Amino acid sequence: MLCLSVLVSLFLSVEPLSLISREVSGDHCNIDAGHAVGEITDPIHEASGLAVSRMNPGILYTHPDSGHGAHVFAISESGHVKAEVVLEECTNHDWEDIAVTGSHVYVADTGNNWHNRGNLRGF
């Protein structure tokens with residue numbers, strides 16, 4: 001499998017009105033307290049991104065952070081590995097995020113802690 005690099009340009013438009021602070025109260029937030037449903041363990045070390053599959057209910061996609069190979073894992077909601085995809089000819093310099101749209105999985109190799117990378121890309 002060949003890894004294709006994609007140049008990504010992002011233009012962000014911010015309107016001045018969107019920067020006005022709003023009085024927001026936690027009383028209107030309908031989010032319940034979190035509860036553990038599983039745990040991500042070996043062979044996934046330091047999962048860096050997480051995306052929910054709509055095509056495959058109950059499946060989440062994740063990948064390791066830098067220093068752990070070019071792998072994408074499909075895991076169950078309880079954290080069990082269901083599939084592993086190795087992106088050959090790719091290097092995990094510092095993968096930061098993952099997204100799923102239909103049958104496509106995208107990985108963002110955009111980590112740049114030292115502000116010295118010139119090869120930021122998406123797969």
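In the hairpin of strand 2 and strand 3, six residues lie between the strands, and Gly 67 has a positive phi near 85°. This is a predicted model, and the angles, areas and contacts reported here are computed from it.

The two strands of that hairpin run antiparallel and are joined by four bridges. Within this pairing, Ile 59 stands opposite Ser 76 in strand 3. A second hairpin is formed by strand 3 and strand 4, with four residues between them. Its turn holds Gly 79, whose phi is also positive, at about 100°.

**Overall content**

The protein has seven strands and zero helices. Read from the N terminus, the order of elements is β-β-β-β-β-β-β. Of the 123 residues in the protein, 26% are buried. The exposed area is about 9,300 Å², and carbon and sulfur atoms supply 55% of this area. Among contacts between residues at least 6 apart in sequence, 39% join residues at least 24 apart.

**The four-stranded sheet**

Strands 1, 2, 3 and 4 form an open sheet in the order 1-2-3-4, with antiparallel pairing. Strand 1 (47–52) and strand 4 (81–86) are the edge strands, and each of them pairs on one side only. From one strand to the next, the twist averages 20°. In general terms, the strands of a sheet pair through backbone hydrogen bonds, either parallel or antiparallel.

The pairings within this sheet are listed below.

| Strands | Sense | Bridges |
|---|---|---|
| Strand 1 and strand 2 | antiparallel | five bridges |
| Strand 2 and strand 3 | antiparallel | four bridges |
| Strand 3 and strand 4 | antiparallel | five bridges |

Individual bridge partners fix the register. Ala 47 has Pro 64 in strand 2 as its bridge partner. Further along the sheet, His 71 stands opposite Val 86 in strand 4. Strand 3 is mostly covered, with five of its six residues buried.

**The three-stranded sheet**

A further open sheet has three strands in the order 5-6-7, again with antiparallel pairing. Strand 5 and strand 7 are its edge strands, each pairing on one side only. Strand 6 (residues 104–109) and strand 7 run antiparallel and are joined by two bridges. In that pairing, Asp 109 has Arg 121 in strand 7 as its bridge partner.

**Nonpolar core and aromatic pair**

The largest nonpolar core has 12 residues: Ala 51, Ile 59, Tyr 61, Ala 70, Val 72, Ala 74, Leu 87, Cys 90, Trp 95, Ile 98, Val 107 and Phe 123. Strand 2 (59–64) and strand 3 (71–76) are the elements that give two or more residues to this core.

Which residues does Tyr 61 contact, leaving aside its neighbours within four places in sequence? The contacts are Gly 49, Leu 50, Ala 51, Ser 53, Asn 56, Val 72, Phe 73, Ala 74, Ile 98, Val 100 and Val 105.

The count of aromatic pairs comes to one. The pair is formed by Trp 95 and Phe 123, with 5.9 Å centre to centre and 55° between the planes, a tilted arrangement. This pair links distant parts of the chain, as the two residues are 28 residues apart. Trp 95 lies in the loop between strand 4 and strand 5 (97–101), while Phe 123 lies in the segment after strand 7 (121–122). Both Trp 95 and Phe 123 are buried, and both are listed in the nonpolar core.

**Backbone features outside the strands**

A cis peptide bond joins Asp 42 and Pro 43, with omega at about 10°. Pro 43 is located in the segment before strand 1.

Two residues other than glycine also call for a check of the backbone angles. Glu 46 has a positive phi, near 50°, and is placed in the segment before strand 1. Is Glu 46 buried or exposed? Its relative accessibility is 52%, so Glu 46 counts as exposed. His 115 has a positive phi as well, near 55°, and sits in the loop between strand 6 and strand 7. With 71% relative accessibility, His 115 counts as exposed.

Notes:
Residues are numbered from 1 along each chain as its sequence is written. This is a predicted model: local features need pLDDT of at least 70, side-chain atom pairs count only at pLDDT 80 or more; totals for chains, interfaces and linings use all residues. Side-chain values use heavy atoms; hydrogens and water are left out. Buried means under 20% relative accessible area, exposed over 50%, partly exposed in between (1.4 Å probe, protein chains only). Contact means heavy atoms within 4.5 Å. Accessible areas come from the Shrake-Rupley method with a 1.4 Å probe; for residues, only the protein chains shown count as cover. A nonpolar core is a set of buried Ala, Val, Leu, Ile, Met, Phe, Trp, Tyr and Cys residues joined through side-chain atoms within 4.5 Å. Two strands pair if DSSP finds at least two bridges between them. Axes are lines fitted to C-alpha atoms, for helices over the stretch in contact, and angles run from 0 to 180 degrees between N-to-C directions. Rings of Phe, Tyr and Trp (its six-membered ring) pair if their centres lie within 6.5 Å; planes under 30 degrees apart count as stacked, over 60 as edge-to-face and the rest as tilted.
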